[in-house]
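Here is a friendly walk through one protein chain, with the cut-offs given along the way. Please keep the viewer open while you read.

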Amino acid sequence: MRDGMRLTPNGVDLHVEAHGPEDGPVVVLVHGWPDSVRCWDRVVPLLAANHRVIAYDQRGFGRSDAPEDPRAYRISQAVGDLAGLIAWTGADQCTVVGHDFGGAVAWSAGRIPQVGALVVLASPHPNRMREVTGSNLRQLRN
């Protein structure tokens with residue numbers, strides 16, 4: 001479904017695409033910065049053969065709405081969007097795959113009860129990130 005749909009799981013309209021069998025295990029794909037749902041174009045067909053794949057443009061990216069208030073872009077808001085999308089699927093369990101900034105969202109989403117598995121690409125664990133940036137000014141600037 002390339003055209004996708006609009007959902008408002010957490011107060012912001014998001015562009016969401018659903019692929020694969022509706023009764024398949026749910027996989028939610030969370031893109032990084034400054035990407036959009038299109039970064040998953042080569043992955044979706046592989047997963048959609050056996051999974052219900054939900055891919056979406058995070059707030060401020062692609063075809064999703066971009067709130068003006070900078071506080072709308074806190075990790076807690078991004079996790080709220082993800083939690084709302086997972087609830088929308090009705091799945092008891094799902095896998096979340098996050099890349100880059102989407103990986104940071106995925107790490108935080110581990111607290112969502114329906115998240116049974118996380119796959120995080122190109123995003124360090126938040127604890128390690130704090131350790132490195134807290135003691136390395138050069139890394140913090142990067």
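Is Asp-100 buried, partly exposed or exposed? Asp-100 is partly exposed, because its relative accessible area is 28%; buried means under 20%, exposed over 50%, and partly exposed in between, with a 1.4 Å probe and protein chains only.

A word on the ground rules. This is a predicted model, in which local features need pLDDT of at least 70 and side-chain atom pairs count only at pLDDT 80 or more, while totals for chains, interfaces and linings use all residues. Residues are numbered from 1 along each chain as its sequence is written, and side-chain values use heavy atoms, with hydrogens and water left out.

**The chain as a whole**

The chain holds 5 helices and 6 strands, arranged along the sequence as β-β-β-α-β-α-β-α-β-α-α. Both kinds of element are DSSP runs numbered from the N terminus: helices are H or I with at least four residues, strands are E with at least two. The radius of gyration is 15 Å, which agrees with the value near 14 Å for a compact globule of 142 residues; it is taken over C-alpha atoms, and the globule rule is 2.2 Å times the number of residues to the power 0.38. Along the principal axes, the C-alpha atoms fill a box of roughly 45 × 30 × 30 Å. Of the 142 residues, 39% are buried. Among contacts (heavy atoms within 4.5 Å) between residues at least 6 apart in sequence, 60% join residues at least 24 apart.

**Strands and their partners**

Two strands pair if DSSP finds at least two bridges between them. Strand 1 (residues 5–7) and strand 2 run antiparallel, joined by 3 bridges, and Met-5 has Val-16 as its bridge partner in strand 2. These two strands form a hairpin with 6 residues between them, and Gly-11 in the turn has a positive phi of about 90°. Strand 2 also pairs with strand 4, in the antiparallel sense over 4 bridges. Strand 3 and strand 4 pair in the parallel sense over 5 bridges. Some of the bridge partners in strand 4 are listed here.

| Residue | Partner in strand 4 |
|---|---|
| Val-16 | Tyr-56 |
| His-19 | Val-53 |
| Val-28 | Ile-54 |

In a regular strand the side chains alternate between the two faces of the sheet. In strand 2, Leu-14, Val-16 and Ala-18 point one way and His-15, Glu-17 and His-19 the other, and all are buried. In strand 4, Arg-52, Ile-54 and Tyr-56 point one way, with Val-53 and Ala-55 pointing the other way, and all are buried too.

**The nonpolar cores**

A nonpolar core is a set of buried Ala, Val, Leu, Ile, Met, Phe, Trp, Tyr and Cys residues joined through side-chain atoms within 4.5 Å. The largest one has 23 residues, of which Val-16, Val-28, Tyr-56, Leu-82, Ile-86, Val-96 and Ile-112 touch the most other members. At least two residues each come from strand 2 (14–19), strand 3 (26–30), strand 4 (52–56), helix 2 (75–89), strand 5 (94–99) and helix 3 (101–109). Helix 2 gives the largest share, 5 residues. Another core, of 9 residues, lies apart from this one and includes Val-27, Leu-29, Trp-40 and Ala-55.

Which residues does Val-28 contact, leaving aside its neighbours within four places in sequence? They are Ile-54, Tyr-56, Leu-82, Ile-86, Thr-95, Val-96 and Val-97.

In helix 3, the buried residues are Gly-102, Gly-103, Val-105, Ala-106, Ser-108 and Ala-109. Their cover includes strand 3, helix 2, strand 5 and strand 6 (115–121).

**Rings and backbone details**

The charged end of Arg-52 sits over the ring of Trp-88, 5.3 Å from its centre; the criterion asks for NZ of Lys or CZ of Arg within 6 Å of the ring centre and within 35 degrees of the ring normal.

Most residues other than glycine have a negative phi, and most peptide bonds are trans. Asp-100, in the loop between strand 5 and helix 3, has a positive phi near 60°. Ala-122, in the loop between strand 6 and helix 4, has a positive phi near 55° and is exposed, with a relative accessible area of 62%. The peptide bond from Trp-33 to Pro-34 is cis, with omega near -5°, and Pro-34 lies in the loop between strand 3 and helix 1 (44–48).
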